[in-house]
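Colleague: I would like to take a close look at one part of this model with you. Please go slowly, and connect each step to the one before.

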Amino acid sequence: MNWLFFVWTFRLKSPLYVGFHKIMHFYRTRPYVTGKLLWAALTAKLTPLLGLNDYEKVGGFLKKTMWFGYLFPYVEGSLFYPKYTDNGLKFGELFQNDFERKFISSMASTAIEAETYTAEEGMLHEVEFINPYTVDEGKPVFFKGLVWVKVFSDNGFNLSINNNEIKITYKGISVNFKSQLANRFQIGGERKYGFGLLELQNCDKVSNNKCNELPGEWSEKGGEICISIPKDNFIWSHVLHSDNLNIKGNIEPLVFRDWKIETGAGKKLTSYGLCWVPGSVLCENIEFKVNEFGIWEKKI
């Protein structure tokens, strides 16, 4: 077996805004962190640590060695993942409205005219975010999820795993995954204002094929990561839409911003098409294959 399975937990140290969609001037946040964002954040931090300025090259390496599951809010032993029920959408044991009251806040701001020190016309906006402390009780908020890692060596890069320790090396420069790369990094939007700081609490290798607190079991088939989920359980990632997928829930177009050489960060829009959203419920037993960004597709 090439892929090894880890469960990792982060402490949220500052407000987190994960871009979702906007309503007028109001920017909504997703209630979870996607695998694509984790890949992008770790690529951005790893590149200078290895003494490089080639983000595309480092990102390509990570795509081959680390595949990310989504991160979900985690407080005092409870994981708040989405799931559709007969009574509506829930996160863990909380209904959506109760979840938002517990975790979500917002902040309004506007650009200021340099000459007049007045609000610039049309620039007022309000950003929704996940609090680093629960709104109702002031308890610290954590995020928990899964990551698959593979020993790999190619084009000067090397990833090794020894006694649960992951090390990345490039031309004599070594980076410890836990203590140097994943220990602290920013993710999501509004980072220039200090948003999105995650601090690693633990990252432990799992010896069985269970998906922790989430439903299903994973396996490796022909180098692919596959996840089998029984009927009446929910999905915990986006799933690419297909006509032969027997599932009920909600669908959305999944779009991410990517790097474009000519114009810079966030200027290229990449669409994955229509996807079933996390929390949608399966009407049959289904096996999925996972891609490098944690997006699933029904395995044929």
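In which strand is W148 found, and what surrounds that part of the chain?

Modeller: Let me begin with a caution, which is that this is a predicted model, and everything I describe is computed from it. W148 is found in strand β11, a strand that covers residues 142–150. With a relative accessibility of 1%, W148 counts as buried, because the cut-off for that word is a relative accessible area under 20%. If we set aside residues up to four places away in sequence, W148 touches W3, L4, F5, T65, M66, W67, G69, W218, I225, I227 and W236. By way of a distance, the C-alpha atoms of W148 and N164 are 13 Å apart in space, while the two residues are 16 apart in sequence.

A second residue of the strand deserves the same care, namely K144, which also lies in β11. K144 has a relative accessibility of 12% and therefore counts as buried. The side chain of K144 is joined to the side chain of E213 by a polar contact of 3.2 Å. Beyond its neighbours within four places in sequence, K144 is in contact with several residues, including V7, W8, T9, Y70, L71, F72 and N212.

The strand can now be placed in its sheet, which is an open one of six strands, paired in the antiparallel sense and ordered β5-β4-β11-β1-β17-β16. The edges of this sheet are formed by β5 (78–79) and β16 (184–186), each of which pairs on one side only. In that order β11 stands between β4 and β1, and with β1 (residues 3–12) it runs antiparallel, the two being joined by nine bridges. One residue of this pairing is W8, whose bridge partner in β11 is G145.

Two helices are worth describing alongside the sheet. Helix α1, made of residues 35–49, lies across β1, β4 (66–75) and β16, and it runs at about 110 degrees to β4. In helix α2, which spans residues 55–65, the buried residues are V58, G59, F61, L62 and T65. Seen down the axis of α2, these buried residues fall within an arc of 155 degrees, so they line one face of the helix. The general background is that an α-helix has 3.6 residues a turn, so residues three or four places apart point the same way. One of the buried residues of α2 is T65, and T65 is also among the residues that W148 touches. At the N-terminal end of α2, D54 acts as a cap, with a side-chain oxygen lying 3.4 Å from the backbone nitrogen of E56.

We can now turn to the aromatic rings, of which the structure holds 23 pairs. W3 and W67 form one such pair, and this pair is tilted, with 4.9 Å from centre to centre and 40 degrees between the planes. The pair links distant parts of the chain, since W3 belongs to strand β1 and W67 to strand β4, 64 residues apart. W3 counts as buried at 1% relative accessibility, and W67 is buried as well, with a relative accessible area of 13%. Both W3 and W67 are among the residues that W148 touches, which brings us back to the residue you asked about. Ring pairs also link W8, F10, F68, F177 and F185 into a cluster, and W8 is the residue whose bridge partner is G145.

Finally, other residues that W148 touches include W218, I225 and I227, and they lead us to another set of strands. Strand β18 (residues 217–221) and strand β19 (residues 224–229) run antiparallel and are joined by five bridges. Within this pairing, E217 stands opposite S228 in β19. The hairpin of β18 and β19 has two residues between the strands, and in it G222 takes a positive phi near 60 degrees. Strand β19 also pairs with strand β25 (residues 286–290), again in the antiparallel sense and over five bridges. There the bridge partner of I225 is V290 in β25, and I225 is, once more, one of the residues that W148 touches.

Note on methods: Residues numbered from 1 in each chain as written. Predicted model: local features only at pLDDT ≥ 70, side-chain atom pairs only at ≥ 80, totals over all residues. Heavy atoms only, no water. Buried < 20%, exposed > 50% of the residue type's maximum accessible area, 1.4 Å probe, protein only. Helix = DSSP H or I, 4+ residues; strand = E, 2+ residues; numbered from the N terminus. Arc of directions from axis to C-beta. Polar contact = N/O pair within 3.5 Å; in protein donor to acceptor, adjacent residues only side chain to side chain. Contact = heavy atoms within 4.5 Å. Pairing = 2+ DSSP bridges. Axes fitted to C-alpha atoms, helices over the stretch in contact; angles between N-to-C directions. Phe/Tyr/Trp six-rings, centres within 6.5 Å; stacked < 30°, edge-to-face > 60°.
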